[in-house]
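Biologist: I am in my first year and still learning to read protein structures. Could you take me slowly through the way helices pack against each other here, and then point out a few local details?

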Amino acid sequence: MLSNLHERIPQYIHHHKKDFLAFLVAISFAIAYSIFSIRQYYSLGTSAFDLGLNAQELYSFLHTGSFYTSLMGENALAQHFTLFKFIEVPLYYLFPSPITLMIFEDIFIALAGYIVYLISTNLLKDHIKSEKILFLVSIGFLLSYEFSPFSESLVSFSFHNMAFLPFFFLLAFYSFLAERRILHIVSIIFIISLHANFVYIVGVLLLYEFLFLHTYRGKKINTWFVRNTNSRRIASVSIFILAIVLLYGYILLAGIIKLRIAGISSFSILPTTGETGTPAGSPIGLILLLIEKPGEFISIISSNHGEKVFFINLLLKSNLYLPFFSPMSLILSIPYMLYAIPSSYASYYQLGYQYFAMLLGAIYISAIMGAYNLIRLGKYMYHHSKQLRLKLQKILSYKPERTGIAIVSILIVLVLVISLPYGILAPLELEQTPPGSVMNDINKEIPCGSATYLINMSGYLPKNAYILTENTLMPYFSNYLHVYVSPYTPGYYMNLSKYQYIIIQNNSFWATYGGNYSLQNIVNDGLTNSNYTIIDIYVPGNIMILENTHDMHGYIKK
């Protein structure tokens, strides 16, 4: 079977060279994203939340068998039931560095663009008979995804398990279209492994698939979890109900396990969604708030309205408003909209954060379906309007394929012109930073040697040491079980004498953040009271290492 593998692989590539080229485009973006992430890491551009947090959890599991993190003071599974961490454990065992997580994530973010390409090809081939135009349109969707500031926000945020969601979400829908039921089920399992509350997203995806089966395009699909569904309506309804019951059972089970891990005995049959900035802790709570306190509901909805309007407009504009032409597909956006838009927590709709992962897959499926519906509408008008048909025949009388390619190329350039300035790969002269954006930029990520210094220091300090540091320095000490972060670790300032080392970037934003309890104040007081002494300084990065004078370990720099 493997004897002629060297012949079969080139043959496969030859017969799928367009798909292979699209895959190489996605891989090239994975490389570009990885280069950005490496520069970001070596420029002190990462943070404890969530890169350092996740790196420490994996290090902790490899050494203690628990995903305990000192940043939260508990097993991370008690906060977020993310079973996907077990997939990351062997990878982190082989390559124990925060950079490993960043690159691993970047690959999945970029490859989601390839799934966008596959979905576009699968759907639009029904109406686009020219292989060149079909390929160009699908590549256009791929490029739109890769250059989207919403995709690149996931890269900019250094690391979060939520960033894997677009890949598995898109893969689930593609496998549904391609009738690959095992891949479909596996993709859904991976989605809920990222976060137990993603059962809401899966539930809406299954609802959309159920409705899709009864559309013009959906009637071509004969497999949905089971083969050869003859009694389509009855079988699909039964499958949908069973799937929803299983999903609800899973989130209840996850809630019980989380409480067991946290050592809490209380339990609720109404799981929360975990959003911040709104008194509604679940979709049901949101509805009740609207009914009982409409004024408060409107107040929350209207908060940060300028940023919300900018975000929604940019999201739709960067997809040429195609999602509007597939109203049913907008159902897929409901989980994110219920989660983010009713909230006053601005990070949910600002560039540079991970939350867009809940929306990316949905918006690109909607855009592709919008294009599908537009082309279908155009064909209908062409066949039913003699006047329109004559005009188009006159316009396209000379090389219609070339005209089609030119039109599609112009649209692709237009999308890139809209999206590129807000992303991480934008040239300096094109950069635009909207209000509230925390998007990093590859031009700003300039290594200065500080990260290398900190990495070296993390190998010198005792592994059982208690360390207090700031947000952007913590990832370099994520291989310590007792590292704490100002200002995020609960009660970090309650017992300062326990810290054997304090690591600070003098007068940096995060060092001075936290008012009277800022790390800068703690260091200044410690030096004034002679409780701490400076044992090493990295002048180019303005970084100081302080040791507790009452618990000296005879540190010697190697």
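Modeller: Happy to help; here is a walk through two helix pairs, followed by the cavities and some details of the backbone. Please keep in mind that this is a predicted model.

Let's begin with helix H2, residues 17–41, and helix H6, residues 131–147. Their axes come within 11 Å and cross at roughly 15°. Angles under 35 degrees count as roughly parallel, and H2 and H6 are therefore roughly parallel to each other. Their crossing is right-handed. Which residues in H2 and H6 meet? On the H2 side you will find Lys18, Leu21, Ala22, Val25, Ala26, Phe29 and Tyr33. They meet Glu131, Phe135, Ile139, Leu142, Leu143, Glu146 and Phe147 in H6. Sorted by class, this contact of H2 with H6 has eleven nonpolar and three charged residues, with no polar ones.

Now turn to helix H4, residues 85–94, and helix H5, residues 98–124. These two pack at an angle of about 130°, and their axes are 9 Å apart. H4 and H5 are therefore oblique to each other, and their crossing is right-handed. From H4, the residues Glu88, Leu91 and Tyr92 meet Pro98, Thr100, Leu101 and Phe104 in H5. The classes in this contact of H4 with H5 are five nonpolar, one polar and one charged.

Next, look for empty space inside. The structure holds three cavities of 30 Å³ or more, and the largest cavity has a volume of about 80 Å³. Its lining is made of 13 residues, and Tyr422, Gly423, Gln432, Thr433 and Met439 lie nearest its centre. The lining of this largest cavity divides into five nonpolar, five polar and three charged residues.

Finally, follow the backbone itself. Where are the cis peptide bonds to look at? One joins phenylalanine 49 and aspartate 50, with omega at about 15°; aspartate 50 lies in helix H3, residues 48–64. Another cis peptide bond joins serine 486 and proline 487, and here omega is about 10°. Proline 487 belongs to the loop between strand E4 (483–486) and strand E5 (501–505). One more stop is tyrosine 321, where phi is near 60°, a positive value in a residue other than glycine. You can find tyrosine 321 in the loop between helix H14 (305–317) and helix H15 (334–340).

How values were computed:
Residues numbered from 1 in each chain as written. Predicted model: local features only at pLDDT ≥ 70, side-chain atom pairs only at ≥ 80, totals over all residues. Heavy atoms only, no water. Axes fitted to C-alpha atoms, helices over the stretch in contact; angles between N-to-C directions. Helix = DSSP H or I, 4+ residues; strand = E, 2+ residues; numbered from the N terminus. Parallel < 35°, antiparallel > 145°, perpendicular 65-115°, else oblique. Left-handed = near helix turned anticlockwise from the far one by under 90°. Contact = heavy atoms within 4.5 Å. Nonpolar A, V, L, I, M, F, W, Y, C, P; charged D, E, K, R; others polar. 1 Å grid on protein atoms, 1.4 Å probe; cavity = no way out; pocket = protein on both sides within 12 Å on 5 of 7 lines; lining within 4 Å. Points joined across faces, edges and corners; volume = space filled by probe spheres on them.
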